[in-house]
Amino acid sequence: MSAHAQEVVVLVLVVVTALGFDFTNGFHDTGNAMATSIATGALKPKVAVAISGLLNLVGAFLSVEVATTVTTSVLKIQQKGSGNLLGGITAETALIIIFAGLVGGILWNLFTWLHGLPSSSSHALFGGLIGAGLASGGLSRINWDGLVSKVLLPAVASPFVAGIVAAIGTFLIYAITRSVRDSEKESSFRWGQIGTASLVSLAHGTGDAQKTMGVIALALIAKGSLTSGDIMKNGIPIWIIFSCGAAIALGTYLGGWRVIRTLGKGLVDIDAPQGMAAEASSAAIILTSSHFGMALSTTHVASGSIVGTGLGRPNSQVRWSVAGRMAAGWVLTLPCAAIVGAACYGVAHLIGGVGGAVVIFIVLLSAAGYMYLRSRATAVHAGNVNDEWEGAPSVRSELSERQPAA
């Protein structure tokens, strides 16, 4: 097989795997938009994921700022200005780096989904790319300035900012509606939740779908089928936007019920006013960050907002043990995905060519199948996602069984 043909095969694997990542991103992050609406009964579970999936698709067409960030601010494999590959990096090497990074992101997404942990799909992707980049060329392969300003600083700040905004909003809501009967308050705010949850889904599409668009664009640039100038002049090709939007929408529609359950029932016993405050603050922060091209984690924002509503509502209880497990998952996401990405690059590079890429693809499919089968032993679905958090062994993940619920 000629070198050109091998590059084409690897490029196809990269695009397929990127769309696979977008699919896992969809069902992993559905809870960011819809967990509180499902928990309060504002929306039926299947109606909620259908609305979220549709709006994720629409959101994918609204902006490409984050996609541009992904092509330039994580890996240093292109020359500034021209967008050509740096000296010493072949198209095949660049494609294998991107491919290995995607595999690292997918496997971490599936692992945390299996255990019901709302970790960041964005950071799983960036971690995988960073690990593969380091394995291929050391520290010089990473764009540290872009990584710190566009990824790491927003990652640290976003849950705290979201929590503060949601806490203030929740406090004001309960203060203003103090004289309103609880039944009327619940009914009215459930209607409001439909609007705010829909806005979060739209915001999620503008942010997360773009990250995979950026990865596919980066792969096409590496192959020589696209240039940075083309993107600056004409934007991301429409087929990339549509395919990424469709993949994340399909994943969202299928519903990541395990993560939805953790966010909706595990952190706080949430009421409709809290749900609306959480969703409104999440949407505002995600849309603002997308406008400035920050590759923000919607999971961090949504989780911080939910915890903030627990702090802002009088006499509400936050399950800090659950929040602690989530925070531990956040800290581990980048390094763990990086380790997997580095290992995948090492194996693919050792075997070489198309053979190395195919072996890694088979490993990905095998690991994904294994985790899916494991998940069936403690299935979470639309029918039991709202069961009480305590004393529900049928939906308790292995991680929860090892640690007592709060």
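**Close-up 1. Phe-27, a buried residue of the predicted model, and its aromatic partner.** Phe-27 is buried in this predicted model, with a relative accessible area of 9%, and Trp-113 is likewise buried, its relative accessible area being 9%. Of the three aromatic pairs that a search of the whole structure finds, one is formed by Phe-27 and Trp-113, whose rings meet edge-to-face at 5.5 Å centre to centre with 70° between the planes. This pair links distant parts of the chain, since Phe-27 belongs to helix 1 (residues 3-40) and Trp-113 to helix 4, 86 residues apart. Together with Phe-23, these two residues, Phe-27 and Trp-113, make up one aromatic cluster.

**Close-up 2. Helix 2 against helix 9.** The axes of helix 2 (residues 45-59) and helix 9 (residues 238-254) come within 8 Å and cross at roughly 170°; the two helices are therefore roughly antiparallel to each other. Helix 2 contributes Val-49, Ala-50, Ser-52, Gly-53, Asn-56 and Leu-57 to the contact, while helix 9 contributes Phe-242, Gly-245, Ala-246, Ile-248, Ala-249, Thr-252 and Tyr-253. Among the residues of this contact between helix 2 and helix 9, eight are nonpolar, five are polar and none is charged.

**Close-up 3. The largest nonpolar core and the surroundings of Leu-267.** The largest nonpolar core holds 99 residues, of which Val-14, Leu-75, Phe-99, Leu-102 and Leu-267 touch the most other members. Helix 4 (residues 91-114) gives the most to this core, with 15 residues. Leaving aside residues up to four places away in sequence, Leu-267 touches Thr-262, Ser-303, Ile-306, Val-307, Gln-317, Val-318, Arg-319, Val-322, Ala-323 and Met-326.

Terms used
Residues are numbered from 1 along each chain as its sequence is written. This is a predicted model: local features need pLDDT of at least 70, side-chain atom pairs count only at pLDDT 80 or more; totals for chains, interfaces and linings use all residues. Side-chain values use heavy atoms; hydrogens and water are left out. A nonpolar core is a set of buried Ala, Val, Leu, Ile, Met, Phe, Trp, Tyr and Cys residues joined through side-chain atoms within 4.5 Å. Buried means under 20% relative accessible area, exposed over 50%, partly exposed in between (1.4 Å probe, protein chains only). Helices (H or I, at least four residues) and strands (E, at least two) are DSSP runs, numbered from the N terminus. Contact means heavy atoms within 4.5 Å. Axes are lines fitted to C-alpha atoms, for helices over the stretch in contact, and angles run from 0 to 180 degrees between N-to-C directions. Angles under 35 degrees count as roughly parallel, over 145 as roughly antiparallel, 65 to 115 as roughly perpendicular and the rest as oblique. Ala, Val, Leu, Ile, Met, Phe, Trp, Tyr, Cys and Pro count as nonpolar, Asp, Glu, Lys and Arg as charged, and the others, Gly among them, as polar. Rings of Phe, Tyr and Trp (its six-membered ring) pair if their centres lie within 6.5 Å; planes under 30 degrees apart count as stacked, over 60 as edge-to-face and the rest as tilted.
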